[in-house]
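Biologist: I am new to this structure and would like to go through it with you step by step. Could we take one strand to begin with and then widen the view?

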Amino acid sequence: MAEHQLLSTGIPHRTLPETYIRQESDRPNFTRVIHDHNIPIIDLNSPTKAQIISQIRHACQTYGFFQVVNHGVGLDLVEKMMTIGKEFFKLPIEEKMSLYSDDPAKKMRLSTSFNVRKETVRNWRDYLRLHCYPLERYTPDWPSNPPLFRDVVSSYCKEIRQLGMRLLGLISLSLGLEEAYIEQVLGEQEQHMAINYYPICPEPDLTYGLPAHTDPNALTILLQDPHVPGLQVFKEGQWIAVNPHPNAFVINLGDQLQALSNGKYKSVWHRAVVNSGKERMSVASFLCPCNTALISPPKKLIEDGSPAVYRSFTYDEYYKKFWSRNLDQEHCLELFKN
Ligand SMILES: O=C(O)CCC(=O)C(=O)O
Ligand SMILES: [Fe+2]
């Protein structure tokens, strides 16, 4: 029954239910995680654009992840977004259940784990997933509680979109392409949001909030809980904790930018772990190509004789393939290799 599926019932969990327990070979292994290595922090107010572009190029080539500060999104708005998200998950369970669905095709839904229709082991996460562009089409279906939810989240989405477009321009330039190139190829981009809520977990070493995955979209702008770490990225065989940095967003390239850069930039594996002391929230904003966008490498990136690494595909084809699988399988892009 669906009401037993959400974790954010308001009642603390004293034991980890069996359906969440991972096999021993597939656990977070906290002692092996690197904590004192920080992924790049890029100041978008740096004096020269050339400096920003070169930092982005370096971060995309070596990490696939970076953080941005002085990003132009209002800091008070960011705080309001966090607060309203937390308030949402504190609503009574009956009210939340009216929004519950495990159908990935829905454009607004509250769900749990990742894809309960496909997976055998659950993840310690509830999430509210919203389509956010164009806003007027979707906001009428968004939660009407907390009362300011639609206002705050709409304003947040608008500012995030501006930041996203700016970053896509900088990423284009960093690949030696025209500033508008990526935006033009991706067409009228969709924007989705996942407000991820990870309750206190009784046995965090046995499970994940989200297991290792790559994001299927183009670019992800993640707002981490400022006080509770949980995001980790995979680099050279090791998991690195991305400790929350004040007033920063975490940016990661999704599978579409890996394909569009002909594999020069990577859509990197990442995961969210949970803990037994504090609940955690994150807000992921996903920029997604329009469904009909044709993803194939720019001429400029293959004219030096580099072969096209992936066959051309539409985003619609890719996205369907991604959701037809479980999260922690092989990189979905592998299925599109030439
Ligand atoms: O909660 C996090 O830090 C990561 C979230 C994430 O990777 C996602 O929503 O795709
Ligand atoms: Fe992700």
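Biologist: Which residues point one way from strand E12, and which point the other way?

Modeller: This is a predicted model, and in it strand E12 covers residues 280–288. In a regular strand the side chains alternate between the two faces of the sheet. In E12, Met281, Val283, Ser285 and Leu287 point one way, and the other way point Arg280, Ser282, Ala284, Phe286 and Cys288.

Biologist: How many of the residues of E12 are buried?

Modeller: A residue is called buried if 20 or more other C-beta atoms lie within 10 Å of its own. The residues that point either way from E12 are all buried, and the strand is accordingly described as mostly covered, the number of its buried residues being 9 of 9.

Biologist: Over how many bridges does E12 pair with strand E5?

Modeller: Strands of a sheet pair through backbone hydrogen bonds, either parallel or antiparallel. Within the pairing of E5 (190–198) with E12, asparagine 196 has serine 282 as its bridge partner. The two strands run in the antiparallel sense, and the number of bridges between E5 and E12 is 9.

Biologist: Which residue of E12 stands opposite leucine 222?

Modeller: Strand E7 spans residues 219–224, and leucine 222 falls in that range. E7 and E12 are paired in the antiparallel sense over 6 bridges, and the residue of E12 opposite leucine 222 is alanine 284.

Biologist: Which elements give two or more residues to the shell around ligand 1?

Modeller: The residues that surround ligand 1 include Asn196, Leu222, His270, Ala272, Ser282 and Ala284. By class, this shell is made of 6 nonpolar, 5 polar and 1 charged residues. The elements that supply two or more residues are E5, E7, E11 and E12.

Biologist: Which residue of strand E11 stands opposite leucine 210?

Modeller: Leucine 210 is itself among the residues around ligand 1. Strand E6 (210–213) pairs with strand E11, residues 270–272, in the antiparallel sense over 2 bridges. Opposite leucine 210 in E11 stands alanine 272.

Biologist: Which strands stand at the edges of the open sheet that contains E6?

Modeller: The open sheet has 4 strands in the order E6-E11-E8-E9, with antiparallel pairing. From one strand to the next the twist averages 20°. A strand with a single partner has one side left without a neighbour in the sheet, and so the edge strands are E6 and E9 (238–241).

Biologist: Where is the proline that follows tyrosine 133 through a cis peptide bond?

Modeller: The cis bond joins tyrosine 133 to proline 134, with omega about -5°. Another cis peptide bond, also with omega about -5°, joins asparagine 145 and proline 146, and proline 146 lies in the loop between H4 and helix H5 (149–174). Proline 134, for its part, is in the loop between strand E4 (126–131) and helix H4 (135–138).

Biologist: Is asparagine 70 buried or exposed?

Modeller: Asparagine 70 lies in the loop between strand E2 (65–69) and helix H2 (75–89), and its phi is near 50°, a positive value in a residue other than glycine. Because asparagine 70 has 12 C-beta neighbours inside 10 Å, the class it receives is exposed.

Biologist: What radius of gyration does the protein have?

Modeller: The C-alpha trace spans about 60 × 45 × 40 Å along its principal axes. For 338 residues a compact globule would have a radius of gyration near 20 Å, and the protein agrees with this, its value being 19 Å.

Key. Residues numbered from 1 in each chain as written. Chains lettered and ligands numbered in written order. Predicted model: local features only at pLDDT ≥ 70, side-chain atom pairs only at ≥ 80, totals over all residues. Rg over C-alpha atoms; globule rule 2.2 N^0.38 Å. Pairing = 2+ DSSP bridges. Axes fitted to C-alpha atoms, helices over the stretch in contact; angles between N-to-C directions. Near = placed C-beta within 6 Å. Nonpolar A, V, L, I, M, F, W, Y, C, P; charged D, E, K, R; others polar.
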